[in-house]
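Please look at the sequence and the 3D structure first, and then follow the description below, which moves from the whole chain to pairs of side chains.

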Amino acid sequence: MGDLDGDGALDIVVATFDGHIRAYAADGVLLWDYDYAAGKVLFASEPALGDVDGDGQIDVVFGTCSPDGLDDDAVRLHALHDDGTPVSGFPLDLPLEAEHWRKGIRAAPALADLDGDCRTDILASSLGDVVYAWRTPARWNAGTAPWPTGRRDLRRSASLSVQSGTVSVRQLQSDYFVYLPVVSRGYCGF
């Protein structure tokens, strides 16, 4: 969840089993629909929300995996702008998957400043037993990362406090393999 359209209300981003990821306004109105599978049999991870391109706006970051292995060549890490259009330079390949029989990203990526350089890094664990880390041009700012990892925080609380109360997402299934912790080192002036 995060305010994608700048109206002050939390919007919901959800990946579905039909090969699409969608964003809904707080009132349930569809904001956008992105076809990440493009006709292939792919599932998406939970999305993480935070700025990864440096424009100060919330981006949607998620990985894909092929449940039956037939479309392993199409698994990637994706990033979408707050309007559902692809961020330049994405999707990113997963080059170290080739030697493994299971490929792709099933668990939510994590957005953090991993190395203390005040830049947002993207971390993702793959079904191929690889932990990927990508440096982005975005300055790390927790204010532009309302949902930086799976279930939002280290406690996996899946809740966000807003002016009108607390919004929660109930975890229905826990077979997402490996979540990476959110890490932030140093002070970045925010």
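Of the 190 residues of the protein chain, 47% count as buried, and it should be kept in mind throughout that this is a predicted model. The accessible surface of the protein chain comes to about 9500 Å², and carbon and sulfur atoms make up 52% of that surface. The protein chain contains 12 strands and zero helices. Among the contacts in the protein chain with a separation of 6 or more, 49% are accounted for by residues 24 or more positions apart.

**Aromatic pairs**

A pair of aromatic rings is described by the distance of the centres and the angle of the planes. The structure holds three aromatic pairs, including one between phenylalanine 17 and phenylalanine 43, whose ring centres are 4.9 Å apart and whose planes stand at 55°, so the pair is tilted. Phenylalanine 17 sits in the loop between β1 and β2, whereas phenylalanine 43 belongs to strand β4, and the pair thereby links parts of the chain that are 26 residues apart. With a relative accessibility of 69%, phenylalanine 17 counts as exposed, while phenylalanine 43, at 28%, counts as partly exposed.

Another pair is formed by tyrosine 36 and phenylalanine 62, which is edge-to-face because the planes lie at 65°, with the ring centres 5.7 Å apart. Tyrosine 36 lies in the loop between β3 and β4 and phenylalanine 62 in strand β6, so this pair ties together parts that are 26 residues apart in sequence. Are these two residues, tyrosine 36 and phenylalanine 62, buried or exposed? Both tyrosine 36 and phenylalanine 62 are buried.

**Salt bridges**

Side chains of opposite charge can pair when their charged atoms come close. The count comes to five salt bridges, and the table gives some of them, with the distance between N and O atoms.

| Residues | N to O distance |
|---|---|
| Aspartate 18 and arginine 22 | 2.8 Å |
| Aspartate 33 and arginine 22 | 3.0 Å |
| Arginine 135 and aspartate 115 | 2.3 Å |

Asp18, Arg22 and Asp33 are linked in a network of salt bridges. Within this network, arginine 22 counts as buried at 13% relative accessibility, whereas aspartate 18 is partly exposed at 45% and aspartate 33 is partly exposed at 37%. Aspartate 33 lies in strand β3 and arginine 22 in strand β2, so their pair ties together parts that are 11 residues apart in sequence.

Arginine 135 lies in strand β10 and aspartate 115 in the loop between β8 and β9, so this pair ties together parts that are 20 residues apart in sequence. Arginine 135 counts as exposed, with 57% relative accessibility, and aspartate 115 is partly exposed, with a relative accessible area of 33%.

Note on methods:
Residues are numbered from 1 along each chain as its sequence is written. This is a predicted model: local features need pLDDT of at least 70, side-chain atom pairs count only at pLDDT 80 or more; totals for chains, interfaces and linings use all residues. Side-chain values use heavy atoms; hydrogens and water are left out. Helices (H or I, at least four residues) and strands (E, at least two) are DSSP runs, numbered from the N terminus. Buried means under 20% relative accessible area, exposed over 50%, partly exposed in between (1.4 Å probe, protein chains only). Contact means heavy atoms within 4.5 Å. Accessible areas come from the Shrake-Rupley method with a 1.4 Å probe; for residues, only the protein chains shown count as cover. Rings of Phe, Tyr and Trp (its six-membered ring) pair if their centres lie within 6.5 Å; planes under 30 degrees apart count as stacked, over 60 as edge-to-face and the rest as tilted. A salt bridge is a side-chain nitrogen of Lys or Arg within 4 Å of a carboxyl oxygen of Asp or Glu.
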